[in-house]
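Dear colleague,

I am passing on a structure that will be new to you. Please look it over first, and then read the notes underneath.

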Amino acid sequence: MAKIAPAATLLAPLFLAVALDLAVAEPPRRIHPVALFGRIVGPFDREWARPGLVGVAVAVALPLAAAAVAGGGVWLAAENGPRVDGVPVLAVAVAAAVLFSAASLRMLLDVTRDVVDESEADPEAARESVRALVGRDTGDLSPADLRSAAVESAAENLADGFVAPLLWFALGATGGVALGAVAGGAPTAELAETALAAGVAAAAWAKAVNTLDSMLGYRSKPVGRASARLDDAVMFLPARAAAACLAVAARSPESLRRARPLAREPASPNSGWPMATAAVALGVRLEKPGAYALDAGAAPPTPAAARDAVRLVGTAGGVAVAAAAGWLLALAGVIAWS
């Protein structure tokens with residue numbers, strides 16, 4: 001049983017978080033940790049005499065605080081909570097709650113599907129719905145433009161809102177094991193708990209960085225420049241991992257190679273990767289007028305192609321979960337036999 005406990009400790013939060021996402025999509029907004037974090041960020045969204053200095057302090061301190069609260073909560077639960085066959089069940093529950101609030105896929109798919117359906121039946125309603133996905137002016141978007149915007153956002157937010165928290169959870173857990181190994185002498189159960197707390201802290205940190213960027217990271221807001229640069233670094237691996245998941249989901253590894261030149265079209269160093277891979281896999285043209293055009297096909301997504309995109313992103317999310325689970329299972333094996 002002692003050999004199984006590390007796997008249960010690391011994998012159970014992942015599977016519980018995914019199950020909660022599929023079942024209820026999002027926690028209630030009034031208690032959603034990301035919304036609460038947004039309220040903390042809000043007062044910094046104003047003009048400052050020294051915006052660069054304030055921006056650096058915000059970009060460093062607030063995500064670290066989020067990581068400390070999340071990781072510390074898991075550690076305290078592990079230290080003081082009950083155990084079942086060596087598994088710290090309260091710590092697993094806390095970790096699952098954090099991952100559930102940080103990683104979201106069902107709501108993204110639901111909103112994207114709504115926009116696609118409304119683009120045919122009620123374009124005005126689609127223009128309203130798509131505002132939940134994009135920040136551009138939607139007033140003059142045609143039905144085809146609406147579908148393009150929805151597909152672009154679904155691919156990009158797969159990376160930002162789902163792959164990134166899972167990847168950083170896995171990376172943080174790996175770092176926790178490495179630190180435990182360097183320290184030496186830690187019991188198996190303690191090493192698994194350290195990995196769990198470190199993984200949750202890393203996932204919360206990455207989500208906080210991304211939330212800062214979404215709130216402050218605009219050219220018109222000097223205080224957000226540091227947050228935007230940090231988000232570029234944090235999202236470097238998740239964006240490319242999401243593109244790989246989309247290529248696997250499409251059963252088209254070649255689409256990743258063909259997407260490479262298109263990925264440079266958007267100004268962002270990261271968002272082009274999942275968007276371009278989706279465009280190539282679907283054989284469509286995705287365009288943000290005046291900003292970029294991902295010419296992987298002659299025409300923007302038809303309703304059928306856009307619905308295929310929803311399925312593709314959902315399947316890619318499943319690929320991401322499987323990859324994270326495989327990595328964590330291997331890490332648990334290292335812990336169990338160390």
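The notes below deal with a helix pair and then with enclosed space.

The model is predicted, so local features need pLDDT of at least 70 and side-chain atom pairs count only at pLDDT 80 or more, while totals for chains, interfaces and linings use all residues. Residues are numbered from 1 along each chain as its sequence is written, and side-chain values use heavy atoms, with hydrogens and water left out.

Helix H7 (residues 143–183) and helix H8 (residues 188–216) pack at an angle of about 140°, and their axes lie 6 Å apart; helices here are DSSP runs (H or I, at least four residues) numbered from the N terminus, and axes are lines fitted to C-alpha atoms over the stretch in contact, with angles from 0 to 180 degrees between N-to-C directions. That angle makes H7 oblique to H8, a word for what is left once angles under 35 degrees (roughly parallel), over 145 (roughly antiparallel) and 65 to 115 (roughly perpendicular) are set aside.

As for enclosed space, a cavity is a set of points on a 1 Å grid over the protein atoms alone where a 1.4 Å probe fits but cannot get out, and lining residues have an atom within 4 Å of a point. There are 2 cavities of 30 Å³ or more. The largest cavity, of about 50 Å³, has Phe162 and Leu166 among its lining residues, and H1 gives the most to that lining, with 4 residues. The second largest cavity has a volume of about 40 Å³, and its lining includes Asp160 and Lys207.

Best wishes

Conventions:
Helices (H or I, at least four residues) and strands (E, at least two) are DSSP runs, numbered from the N terminus. On a 1 Å grid over the protein atoms alone, a cavity is a set of points where a 1.4 Å probe fits but cannot get out, and a pocket is an open set with protein on both sides within 12 Å along at least five of seven lines; lining residues have an atom within 4 Å of a point. Grid points are joined across faces, edges and corners, and a volume is the space filled by probe spheres set on the points.
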